[in-house]
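Me: Please take a close look at a single part of this model, the strands and the way they pair. A connected account would be appreciated, with a word on helix packing at the end.

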Amino acid sequence: MDRAEKLRKYGSKNIRMSKVGRRQSGMPGQSVRLGSGVIGAVVLLSLAAGALLFLFRHRKAETELAYVTNAELASCMSFLADDTLLEEWDADAYVTQGQIKELLQKLGLAEAVPATGGKERLKRESVMDYYAQILDYLDLAGAVEKETVLVLSWDGSSCRTEKEELQADVDTLALSQFHTYGIYRMDQKILGIIAESEKTVPLRQTVVQSVKDDKITMEYGKAEYELACSDADGLRELARMDGAASCTLCVKGGAVTKIKDIQSGQDPAVAKADKKGQELPKTVDVLLLNNGSVHYDQIYLTCNTGWTVKKSGKKTDYTKKKVLSVKKLKLKKGKSALVESSGADGLLYLSDKNGAAVSKGYYGRLTVYKDADGYYLVNNVSIEKYLYSVVASEMPASFGTEALKAQAVCARSYVYRQMAANDYSRYHAQIDDSTNYQVYNQSEAVEADRQAVQATEGEVLYAQDELVNAYYFSSSFGRTANMEIWNQEESAYPYLKIKSLSPSESKKKGQKLDLSKEKDFLNYIRSPKKDAFDSNSRYYRWKAKVELSACLKELKEKLLQRQELNPDNITFYSTVKKKPKKAASLKGFGGVEKMYCSKRGKSGAILVLTVQFEFGKVEIRSEYNIRSILGCAMEQITYADGTTDTSVRFLPSAYFSISFDKKSSRYVLTGGGNGHGMGMSQYGAAGMARAGWNYKQILEFFYDGARVQHI
C-alpha cells in the first residue's frame with residue numbers, strides 16, 4: 001500500500017491537526033478538508049500537544065538541543081523503508097521551515113499537514129510537532145514509541161539508561177549524564193529527542209560505595225558513577241553507614257535531589273566472608289515473564305488454601321480455589337496489589353478464568369503491578385524455596401543425590417551474584433524466571449530436589465573470599481572453558497579454568513589442555529573415545545548441516561539484530577577496496593561466499609567466526625552470537641545417539657570444526673557439547689556422582705580453588 005492509499009484509507013481515522021502546533025510552527029491557519037471525525041481529533045491532539053509541551057519543555061532557550069539537525073530528522077524518519085530525506089540536504093545543518101515543507105510534499109502529506117516555506121530554522125518543539133503528525137499518518141503499525149529516559153552514560157552512539165542500553169545513529173546529539181529526556185524510539189534504537197524533561201527518576205536498590213563532600217560514588221547496573229547530591233540529610237545518613245549502603249536515589253537535572261529507603265549492607269555480588277560468615281538476603285524478587293514478555297493483558301489467580309489480597313491498605317479474603325481476575329482490582333497506573341496465601345506452605349497459581357492452573361504453584365507472595373504497558377507479576381519468595389524449583393527445572397532428579405546437591409549450591413551462589421545487578425529494578429524485581437538467569441518453576445519439585453536443597457541449606461561457593469559466579473551448562477565435549485568464550489579476560493574469574501572431563505586424561509601429569517590449533521582440535525573432536533564423565537549425553541558429539549545462501553535474508557537480519565544488541569562483538573567490513581574498511585551496515589555486501597574460523601580458543605571454542613560476502617565480511621565474536629547466527633541457517637543436526645532433528649534453530653555450542661561438502665553444497669559442522677561450556681557441566685556432575693564423587697568434590701573440581709562455605 002503506497003502513501004496515497006494510506007491517506008485515503010486511514011486519513012479520517014488518524015488525523016490529529018493541532019491549532020497549538022500550527023501556531024508554534026508558524027503554519028498559516030488555512031483550512032483542510034479532512035473528512036468526518038476531525039473535530040474530536042483536533043481536540044485530542046490539542047490536549048496531547050499541551051501535555052507534551054508541559055512534560056518536555058526546555059529549561060534553557062538556546063541549548064545544543066534547541067534545534068534539530070537534518071541527520072537527526074533522517075534518524076526519526078528511518079521507520080520508513082525508503083530513503084525519505086533528500087540527498088542534497090546537509091546532515092549537520094539545522095532543519096528549516098522550507099525543508100519541512102519539502103519533506104511533507106515528498107510524503108504526500110502537504111495538504112493534510114500544511115507548512116510554509118523559507119530558510120528560517122525551526123525550534124525543536126516545532127519539528128517534533130510536525131513529526132508527531134507524520135507518525136499519526138504513516139506509522140500505522142505503531143512501531144515508533146515515545147518514552148522518558150534517564151541518561152546514565154552517552155558516548156555518541158550508545159546510551160545507557162536506567163532500564164537498558166539503547167543505540168543511536170546521530171552522534172551530534174548532546175545528551176548530558178543524569179539528565180532526563182523525552183525520546184522517540186523504535187525497538188532498541190533512539191530515533192530522536194523530544195526535549196529535556198523535568199521528570200524526577202528513581203534509581204532503586206542503588207549501592208552507594210562512598211560519600212565525599214556533596215558527591216556520591218555509587219554502583220548501578222554493574223557500572224560505577226559519581227554524581228552531585230543536594231539532599232544534605234540523606235548525605236549525612238549515608239556517611240554514618242559502615243561500608244556500602246543500599247538506597248533509592250531520586251535524580252533530576254544531573255544531580256540527586258532526594259535519598260530514600262537507606263539500608264546498610266554490602267553488595268552481595270562481591271560480599272566478603274568474615275570469620276562469623278556473611279549475612280546474605282533471605283528472599284529474592286523474581287519477575288514472572290509471560291512467554292518472554294514482561295507484561296500481561298489479563299491475569300487470573302487462585303490458591304490451594306485460603307488467601308488474601310491487599311490493595312491500598314484494604315484487605316480482602318478469598319477462599320480456597322476462588323478465582324480472581326486482576327482487572328476487577330481496578331488498579332491505576334503505578335499502583336499494585338499484594339497477593340498472599342494464608343498458610344505458610346500455601347501455593348499461589350496463575351490460572352484460566354475457570355480456575356484451572358496454567359502454572360506451577362508459587363511459594364511466597366505475588367505482587368501485581370500496573371503500568372502504561374499492562375500488568376506484570378513479581379514473586380517474593382525465600383531463597384531456599386526458590387531453589388526447590390530451580391533445581392527441579394535445571395536438573396533431572398535421576399542425576400543422583402550428589403549431583404543435585406552440587407546443582408543446589410551452584411544455583412544458590414549464582415542467584416546471590418545476579419540479585420545484586422538490579423537489572424529489573426524498574427519492575428521491582430532482581431531477576432526473572434527464564435534462562436536469562438535460572439529457569440524457575442517450569443518443573444514440579446520432587447522430594448529429591450527438596451532434600452538436595454535442604455541438605456545444603458545456606459551453602460555457597462567462595463574463592464579467595466569472594467562469592468563465586470557459579471556458571472553452569474548442560475554438557476561438554478570433554479573440556480570446559482574460561483572467560484575467553486565471551487571475549488573477556490580470563491583473569492575476570494580466575495576460578496573458571498579449562499578442565500578435562502576425561503578420567504584417564506586427568507590422571508596424566510602435564511596434560512595438554514590447549515586446543516587452539518586447528519589440527520589439535522580436529523584430532524580431538526573426531527576422536528571416537530567416549531571416556532568423559534558426560535559422554536553419555538547425546539550432545540557429546542553432533543554434526544550439523546548449514547546452508548547460508550538459501551537463507552541470505554534471514555542471515556543478514558540475524559547479523560544486524562545481534563550487532564545492534566552486541567556491537568562490540570560483531571564487526572562489519574566493506575571489502576570493495578583492497579583494504580577492508582569498517583562499515584555501519586550490510587548494504588552492498590551481496591551474497592555469501594564462504595565462512596571460516598579466524599580464531600580458536602584454548603578451550604577449543606571458536607572465538608572469531610568470519611562470514612565472507614561478495615563485497616564485505618563479518619567477524620563474529622562470543623559463543624552465543626556464533627550459535628544464534630549459524631542456527632538460523634541450520635537445516636539438520638544429528639546427535640551422538642543417531643537421532644536427527646530438522647527443527648532446531650540454535651547451534652548447541654561453539655565447539656565445532658567447519659568443512660564444506662561440495663556434493664551437497666552444504667557446510668558440515670562437527671562439534672560437541674551443549675551450552676556455553678563454562679563452569680559446571682550438569683551431565684559431568686551426574687557422571688562424577690555415579691563414579692562416587694560427593695558434591696563438594698564435584699564443585700571444587702569445576703571451580704578451581706573454590707570452597708563450599710556456609711553463609
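Reply: In this predicted model, strand S1, spanning residues 145–154, pairs with strand S2, spanning residues 158–161, in the antiparallel sense, and three bridges connect them. Within this pairing, Val 151 has Thr 161 of S2 as its bridge partner. The two strands S1 and S2 form a hairpin, with three residues between them. In that turn lies Gly 156, whose phi is positive, at about 100°.

Strand S2 also pairs with strand S3, which covers residues 165–168; S2 and S3 run antiparallel and are joined by three bridges. Here the bridge partner of Ser 158 is Gln 167 in S3. S2 and S3 likewise form a hairpin, again with three residues between them. S2 thus takes part in a pairing with S1 and in a pairing with S3. As a general point, side chains in a regular strand alternate between the two faces of the sheet.

Turning to the helices, H9 (residues 401–419) packs with H15 (residues 682–690) at an angle of about 140°, and their axes are 7 Å apart. Angles over 145 degrees would count as roughly antiparallel; H9 and H15 are therefore oblique to each other. Their crossing is right-handed. H9 contributes Glu 402, Ala 403 and Gln 407 to the contact, while H15 contributes Gln 682, Ala 685, Ala 686 and Ala 689. By character, the residues in the contact of H9 with H15 comprise four nonpolar, two polar and one charged.

Definitions and conventions:
Residues numbered from 1 in each chain as written. Predicted model: local features only at pLDDT ≥ 70, side-chain atom pairs only at ≥ 80, totals over all residues. Heavy atoms only, no water. Pairing = 2+ DSSP bridges. Helix = DSSP H or I, 4+ residues; strand = E, 2+ residues; numbered from the N terminus. Axes fitted to C-alpha atoms, helices over the stretch in contact; angles between N-to-C directions. Parallel < 35°, antiparallel > 145°, perpendicular 65-115°, else oblique. Left-handed = near helix turned anticlockwise from the far one by under 90°. Contact = heavy atoms within 4.5 Å. Nonpolar A, V, L, I, M, F, W, Y, C, P; charged D, E, K, R; others polar.
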